[in-house]
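Here is my note on this entry, set out as numbered points. Please read it with the sequence and the model open beside you.

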Amino acid sequence: MKYIDNNQSSTMTYQTVPLEEFSSVLGSTTELSSIALGGKIIKVSDEFFAAAHHLLLVEPPHSLQGQYGPNGALYSGWESRRHNPTHDWCIIKLGTAGVIVGFDIDTSYFNGNEAPEASVDALFLTEDNGNDLEDAQWTEILPRIPLGPSSRHLYLIPETTQYTYVRLNMYPDGGIARFRVYGHVSPVQPADDCESFDLAHVFAGGRVVFTSDQHYGVGSNLILPGRGKDMSDGWETKRSRQQGHKDLVIVKLGAPGRLQTAEVDTANFKGNFPESCELHALNSMDDVPDSDSPDWVTILPRVKLGPHRRHFLQLETKEDAVFTHVKLTIYPDGGVKRLRIIGTRGQSNGSVVPLESVSEWNSVPPVVSKQASKGKIIPVLPLTPEAFAPFGRVIQAYGDHTAAPSGTKITPANGGTASKFHKLALIDSSFPEGSGATAGLSVYRCNPVEVVDGIVELKVLERHPYTNQAFIPMGAGGCLDDEALCDPGNRYLVVVAHYGSDDKPDLSTLRAFIASAAQGIMYNTAVWHQPMTVLDKIMDFTCVETQIGNGDKADCEILDLDGEGDFPQLKLP
């Protein structure tokens with residue numbers, strides 16, 4: 001990249017970037033100043049007409065023409081008083097430490113009162129130490145440059161060293177609508193290569209490097225902290241009208257990694273979530289690899305998605321496979337709020353900052369980082385209807401009716417004091433005609449299983465070749481008859497597997513989920529599953545099943561895994 005020295009009196013060089021080249025030049029960088037990352041205004045010399053906090057807003061500026069406040073006309077931006085004999089300035093703390101490569105100084109809707117010129121200084125501080133930032137040793141990284149009215153001004157500079165603060169100067173006064181600082185995050189990752197973390201997270205150095213469509217929401221939102229506030233801070237594509245359409249986004253991970261689980265969050269996308277998605281991974285030296293390369297490896301086959309929830313999904317990868325990029329493909333279109341890729345570093349990276357230094361790290365379900373005991377490690381993920389769908393049905397109510405799985409019939413009940421979720425699971429039986437099988441309710445009282453260092457051993461699997469079975473939590477067991485209330489049970493495990501060619505459980509398909517007392521489950525007919533496994537305290541379940549007689553001829557096939565090698569290990573979150 002050739003930089004043009006447009007200011008011969010300055011030692012700094014910069015390049016003006018045409019607006020139409022933003023995507024190719026700055027599209028794969030991170031907006032370090034964004035309030036979505038925690039960027040904030042620290043101090044400002046003057047904001048008489050319009051407050052400086054507008055500079056960092058995610059949404060673009062908009063016209064407030066004809067609207068007035070007590071001090072004059074209103075603007076979506078920062079505007080100071082007239083006739084400053086020196087210049088005005090605004091100090092901004094970046095959302096995270098990083099190297100800076102460019103800026104967007106936007107004067108939209110400031111016409112006749114725009115700032116004529118601007119410059120940018122930078123500062124690195126490891127912590128807020130109380131020093132007066134105005135008198136600190138600032139370094140100029142963008143020299144004094146001219147601005148025009150009501151337009152965006154994009155600038156590229158040589159990559160800087162690491163900074164945590166910037167100071168926007170305008171000469172002598174006036175208005176600026178938005179100010180965006182682009183660069184690359186200084187990665188924050190665990191010091192231990194065996195510790196799991198979100199490899200795609202922006203604070204870990206993850207970057208969205210390619211997006212097929214971002215009509216309503218940009219792809220880079222996928223790796224932001226937290227779950228956002230509404231549809232505006234997710235990735236959303238336009239509606240497709242073509243049969244077989246799909247959209248995709250490619251994330252370059254913060255470090256090459258061994259991938260374990262993923263989270264696809266559709267928060268706030270209730271009528272416009274994707275019908276389904278799949279994940280591929282690639283090990284590539286390219287910053288932006290070819291999205292159609294045959295080298296992409298499927299790590300999550302196409303799965304259904306639901307509205308307004310976090311989907312926790314186990315990835316299908318070889319234990320020693322290391323990847324640098326992940327591709328999320330959605331069908332046919334829609335919106336996704338966040339994408340998390342949990343794994344461990346595939347190789348040591350000495351330039352990262354220890355994870356403990358991050359004050360606001362996104363909460364993700366922990367998974368095992370190294371094999372602490374014998375047997376295959378199976379991560380236990382939160383139970384969701386979509387992830388459990390290949391094995392059965394989840395039976396639960398939804399406070400927000402729009403978050404219920406598509407097609408769920410919901411009607412008012414009990415004179416308007418309740419909501420009825422109709423037929424969430426149907427009872428099924430394939431007993432021969434004339435067997436005398438009948439459906440009924442039974443109760444299981446389950447004692448808590450032993451947990452050692454967060455591990456539960458999977459020793460037994462069972463299945464029911466002729467019927468499906470539903471288990472509905474009733475709360476904690478052991479209540480006295482005269483007690484009005486009992487403490488509810490907390491959590492239980494749901495462990496399932498498909499059968500293989502030998503009709504035994506295919507242990508490569510093992511999936512483990514953790515369910516709350518507000519969730520019931522129904523196992524599909526003949527699905528291998530662990531007997532009811534309760535954590536924390538005694539728990540009662542109502543079982544809905546079909547039996548012959550009183551169950552003396554039980555429809556139950558039990559397999560002891562002791563003869564199948566080391567017991568699989570279930571790692572609890």
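Is Arg463 buried or exposed? Arg463 counts as buried, because its relative accessibility is 6%. Keep in mind throughout that this is a predicted model.

1. The partner of Arg463. The side chain of Arg463 meets that of Asp503 in a salt bridge, with 2.7 Å from N to O. Arg463 belongs to strand β30 (residues 460-463), while Asp503 sits in the loop between β32 (491-497) and β33 (511-516), so the pair ties together parts that are 40 residues apart in sequence. Asp503 counts as partly exposed because its relative accessible area is 37%.

2. The overall make-up. The protein has two helices and 39 strands. Of its 573 residues, 51% count as buried. Among contacts with a separation of 6 or more, 81% are between residues 24 or more positions apart. The exposed area is about 26,800 Å², and carbon and sulfur atoms supply 49% of it.

3. Cysteines. A disulfide is a covalent bond between the sulfur atoms of two cysteines. Searching the whole structure gives zero disulfides. Two of the cysteines can be placed by their accessibility. Cys277 is at 0% relative accessibility and therefore counts as buried. Cys194, at 33%, counts as partly exposed.

4. Salt bridges in general. Side chains of opposite charge can pair when their charged atoms come close. The count for this model is 25 salt bridges. One network arises from bridges that share partners, and it joins Arg207, Lys252 and Asp287.

5. Two further pairs. Arg152 forms a salt bridge with Asp104, and their closest N and O atoms are 2.8 Å apart. This pair links distant parts of the chain: Arg152 is in strand β10 (residues 152-156) and Asp104 in strand β7 (residues 88-106), 48 residues apart. Asp104 counts as buried at 2% relative accessibility, whereas Arg152 counts as partly exposed at 38%. The other pair is Lys229 with Asp230, whose side chains meet in a salt bridge at 3.3 Å, N to O. Lys229 is exposed, because its relative accessibility is 60%. Asp230 is partly exposed, with a relative accessible area of 29%.

6. A charged residue without a salt bridge. What is the nearest side chain of opposite charge to Asp173, and how far away is it? It is Arg82, at 7.1 Å; Asp173 is buried yet has no salt bridge. Asp173 lies in the loop between β11 (162-171) and β12 (175-176). Its side chain does reach backbone nitrogens. A polar atom of that side chain lies 2.9 Å from the backbone nitrogen of His83, and the side chain reaches the backbone nitrogen of Asn84 at 2.8 Å. Leaving aside neighbours within four places in sequence, the residues in contact with Asp173 include Ser80, Arg81, Asp88, Glu114 and Pro116.

7. A buried valine. Val534 is in strand β36 (residues 533-535). Val534 counts as buried because its relative accessibility is 0%. Val534 and Cys446 are 88 residues apart in sequence, but their C-alpha atoms are 6.4 Å apart in space. Cys446 is also one of the residues in contact with Val534 once neighbours within four places in sequence are left aside; others among them are Pro448, Tyr492, Met539 and Phe541.

8. Cis peptide bonds. Tyr171 and Pro172 are joined by a cis peptide bond, with omega at about -10°. Pro172 lies in the loop between β11 and β12, and Asp173 is in that loop too. A cis peptide bond also joins Tyr331 and Pro332, with omega at about -20°. Pro332 is in the loop between β21 (323-331) and β22 (335-336).

9. Positive phi angles. Which backbone angle of His308 should be checked? Phi of His308 is positive, at about 55°, although His308 is not a glycine. His308 is found in the loop between β19 (297-304) and β20 (310-314), and is partly exposed, with a relative accessible area of 25%. Lys423, also not a glycine, has a positive phi near 45°. Lys423 is in the loop between β27 (418-421) and β28 (437-446). At 71% relative accessibility, Lys423 counts as exposed.

Technical notes: Residues are numbered from 1 along each chain as its sequence is written. This is a predicted model: local features need pLDDT of at least 70, side-chain atom pairs count only at pLDDT 80 or more; totals for chains, interfaces and linings use all residues. Side-chain values use heavy atoms; hydrogens and water are left out. A disulfide is a pair of cysteine sulfur atoms within 2.5 Å. Buried means under 20% relative accessible area, exposed over 50%, partly exposed in between (1.4 Å probe, protein chains only). A salt bridge is a side-chain nitrogen of Lys or Arg within 4 Å of a carboxyl oxygen of Asp or Glu. Helices (H or I, at least four residues) and strands (E, at least two) are DSSP runs, numbered from the N terminus. Contact means heavy atoms within 4.5 Å. Accessible areas come from the Shrake-Rupley method with a 1.4 Å probe; for residues, only the protein chains shown count as cover. Lys and Arg count as positive and Asp and Glu as negative; His and the chain ends are not counted. A polar contact is a pair of N or O atoms within 3.5 Å; within protein, one must be able to donate a hydrogen and the other to accept it, and residues adjacent in sequence count only if both atoms are side-chain atoms.
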